[in-house]
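Student: Hi, could you walk me through this one? I'd like to get a feel for the fold before I go back to the bench.

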Amino acid sequence: MVEVPAVALLADRFAEHVDFFSVGTNDLTQFTLAVDRGNDLVAGLYRALDPAVLALIAHTTAAADRAGLPVSVCGEVAADPRVVPLLVGLGVGALSASPSALGFVRHALQAFTLPEAQALATEALRQPDADGVQALLDAFALAHTPELAALLGIAA
């Protein structure tokens, strides 16, 4: 489980000892941003789409690719169809989501190509903050899955 920044940063070393990586985005976000998501005083600062978190995921998937290891993601973002193309573009090969999200996730997976997802990931990593990433994902959803975007409340 990649749930702390130290493991993500040293993923190349850990890859020698494991058969796969599973990125736990809830804990990775909490520990990367030093934000206790259970504390109402700071929970608003918890942003899973922060570029620092995304960079750690990208670092992990790159190390896994070099070692020939699969990478999965679990956590709230794995069930968010807006984030699915970004995760695929970052090199994630499997998602662990609740059964109630599977239809939306499947729909999202069918709506883009791998090169489109990779370009999205590259642009997301260039964003200054989570708001920039969210705006990018919303625009991508509107362009690729307008009916899903409408269901999710994303407006043009």
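**A chat about the fold**

Tutor: Happy to. Let's begin with a small backbone detail: just after helix 3, Ala34 takes a positive phi of about 55°. Do keep in mind that this is a predicted model.

Student: Noted. Which residues of helix 3 are buried?

Tutor: Helix 3 covers residues 25–33, and its buried residues are Thr25, Asn26, Leu28, Thr29 and Gln30.

Student: And what covers them?

Tutor: The cover includes helix 1 (5–9), strand 1 (21–24), helix 4 (51–67) and strand 2 (71–74).

Student: Let me zoom out a bit. How many helices and strands does the protein have?

Tutor: There are nine helices and three strands. Along the sequence they come in the order α-α-β-α-α-β-α-β-α-α-α-α.

Student: How do the strands pair, parallel or antiparallel?

Tutor: Strand 1 and strand 2 pair in the parallel sense, over four bridges. Strand 2 also pairs with strand 3 (residues 94–96), again in the parallel sense, over three bridges. As landmarks, Phe21 has Val71 in strand 2 as its bridge partner, and Cys74 stands opposite Ser96 in strand 3.

Student: Where do the side chains of strand 2 point?

Tutor: They alternate. Val71 and Val73 point to one face and are buried, while Ser72 and Cys74 point to the other face and are not.

Student: I always look at cysteines. Why does Cys74 count as partly exposed?

Tutor: Its relative accessible area is 21%, and because buried means under 20%, Cys74 falls in the class between buried and exposed.

Student: What does Cys74 touch?

Tutor: Setting aside residues up to four places away in sequence, Cys74 touches Met1, Ser22, Val23, Gly24, Thr25 and Ser96. The C-alpha atoms of Cys74 and Leu95 are separated by 6.2 Å, with their positions 21 residues apart along the chain.

Student: Switching to helix 4: is Thr60 buried or exposed?

Tutor: Thr60, which lies in helix 4, is buried, with a relative accessible area of 0%. Beyond its neighbours within four places in sequence, Thr60 is in contact with Val2, Ala8, Ala11, Phe21 and Val23.

Student: Ala11 is on that list, so where does Ala11 sit?

Tutor: Ala11 is in helix 2 (residues 11–15). Ala11 is buried too, with a relative accessible area of 0%. Not counting residues up to four places away in sequence, Ala11 touches Phe21, Thr60 and Ala63.

Student: What separates the C-alpha atoms of Ala11 and His59?

Tutor: They are 7.5 Å apart, although Ala11 and His59 are 48 residues apart along the chain.

Student: What about contacts across the protein in general?

Tutor: Take the contacts between residues at least 6 apart in sequence: 60% of them join residues at least 24 apart.

Student: How does the radius of gyration fit a compact globule?

Tutor: It agrees: a compact globule of 156 residues would have a radius of gyration near 15 Å, and the protein has 15 Å. The C-alpha trace spans about 45 × 40 × 30 Å along its principal axes, and buried residues make up 40% of the 156.

Student: Last topic, the surface and the charges?

Tutor: The accessible surface comes to about 7900 Å², and 57% of that belongs to carbon and sulfur atoms. As for charges, there are 7 positive and 17 negative ones, and their mean positions are 3 Å apart.

Definitions and conventions. Residues are numbered from 1 along each chain as its sequence is written. This is a predicted model: local features need pLDDT of at least 70, side-chain atom pairs count only at pLDDT 80 or more; totals for chains, interfaces and linings use all residues. Side-chain values use heavy atoms; hydrogens and water are left out. Helices (H or I, at least four residues) and strands (E, at least two) are DSSP runs, numbered from the N terminus. The radius of gyration is taken over C-alpha atoms; the globule rule is 2.2 Å times the number of residues to the power 0.38. Buried means under 20% relative accessible area, exposed over 50%, partly exposed in between (1.4 Å probe, protein chains only). Contact means heavy atoms within 4.5 Å. Accessible areas come from the Shrake-Rupley method with a 1.4 Å probe; for residues, only the protein chains shown count as cover. Lys and Arg count as positive and Asp and Glu as negative; His and the chain ends are not counted. The place of a charge is taken as NZ of Lys, CZ of Arg, CG of Asp or CD of Glu. Two strands pair if DSSP finds at least two bridges between them.
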